Amino acid sequence: MRPPELHQRTRKPHRAPNTSAALLLALTAVHTARVQLDRYASATDAPAWQVVEAADLLEAAHHKLAEAATGSP
């Protein structure tokens with residue numbers, strides 16, 4: 001015999017104090033690094049593939065941090 005299923009309550013995520021400030025700081029740092037890589041890539045005829053890959057990773061990180069800051073999936 002299976003135990004009865006319990007109704008799971010929907011809970012809002014409980015954020016630690018200063019979470020918003022930490023996320024904003026991280027977003028700013030990632031954005032600044034991405035801008036610097038864009039400047040480097042624009043100043044050279046053929047940027048290193050590592051720089052291009054790093055810029056892509058920073059863009060993905062920025063996207064995830066923005067999702068975390070807004071609470072959207």
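Author: Two residues are said to be in contact when heavy atoms of each lie within 4.5 Å. The model discussed here is predicted. In that sense of contact, the buried residues of H1 pack against H2.

Reader: Which residues of H1 are buried?

Author: They are Leu-23, Leu-27, Val-30, Arg-34 and Leu-37. In H2, the buried residues are Val-51, Ala-55, Leu-65 and Glu-67, and what covers them includes H1.

Reader: How many helices and strands does the chain have?

Author: The chain has two helices and zero strands. H1 covers residues 19-43, and H2 covers residues 49-70. Just after H2, Gly-71 adopts a positive phi of about 80°.

Reader: How do you know that the length of H1 agrees with its number of residues?

Author: The expected span is 1.5 Å times one less than the number of residues. For the 25 residues of H1 this gives 36 Å, and the end C-alpha atoms are 36 Å apart, so the two values agree. H2, with 22 residues, reaches 32 Å between its first and last C-alpha atoms, close to the expected 32 Å.

Reader: Why is Glu-67 called buried?

Author: The cut-off for buried is under 20% relative accessible area. Glu-67 stands at 16%, and therefore counts as buried.

Reader: What makes Lys-64 exposed rather than buried?

Author: Exposed requires over 50%. Lys-64 has a relative accessible area of 56%, so the word exposed applies.

Reader: Why is Ala-66 called partly exposed?

Author: Partly exposed describes values between the limits for buried and exposed. The 28% of Ala-66 falls there, so this residue of H2 is partly exposed. Ala-66 and Leu-27 are 39 residues apart in sequence, while their C-alpha atoms are 7.1 Å apart in space.

Reader: How do you know that Arg-34 and Asp-38 form a salt bridge?

Author: The rule asks for a side-chain nitrogen of Lys or Arg within 4 Å of a carboxyl oxygen of Asp or Glu. The closest N and O atoms of Arg-34 and Asp-38 are 2.7 Å apart, so the pair meets the rule. Arg-34 and Asp-38 are four residues apart in helix H1, so about one helical turn separates them. Asp-38 is partly exposed, because its relative accessibility is 36%.

Reader: What makes the pair of Glu-59 and Arg-34 a salt bridge?

Author: The limit is again 4 Å. The closest N and O atoms of this pair are 2.8 Å apart, so Glu-59 and Arg-34 form a salt bridge. This pair links distant parts of the chain, with Glu-59 in helix H2 and Arg-34 in helix H1, 25 residues apart. At 44%, Glu-59 is partly exposed.

Reader: Why does the pair of Lys-64 and Glu-67 count as a salt bridge?

Author: Their N to O distance is 3.7 Å, which is within 4 Å, so the pair counts. Both residues lie in helix H2, three residues apart, about one turn of the helix. As for the other salt bridges, shared partners join Arg-34, Asp-38 and Glu-59 into one network. By this rule the count comes to three salt bridges.

Reader: What makes the link between Arg-34 and Ala-55 a polar contact?

Author: The distance limit for a polar contact is 3.5 Å. The side chain of Arg-34 reaches the backbone oxygen of Ala-55 at 3.4 Å, so the pair falls within that limit. Beyond its neighbours within four places in sequence, Arg-34 is in contact with Ala-55, Leu-58 and Glu-59.

Note on methods: Residues numbered from 1 in each chain as written. Predicted model: local features only at pLDDT ≥ 70, side-chain atom pairs only at ≥ 80, totals over all residues. Heavy atoms only, no water. Buried < 20%, exposed > 50% of the residue type's maximum accessible area, 1.4 Å probe, protein only. Polar contact = N/O pair within 3.5 Å; in protein donor to acceptor, adjacent residues only side chain to side chain.
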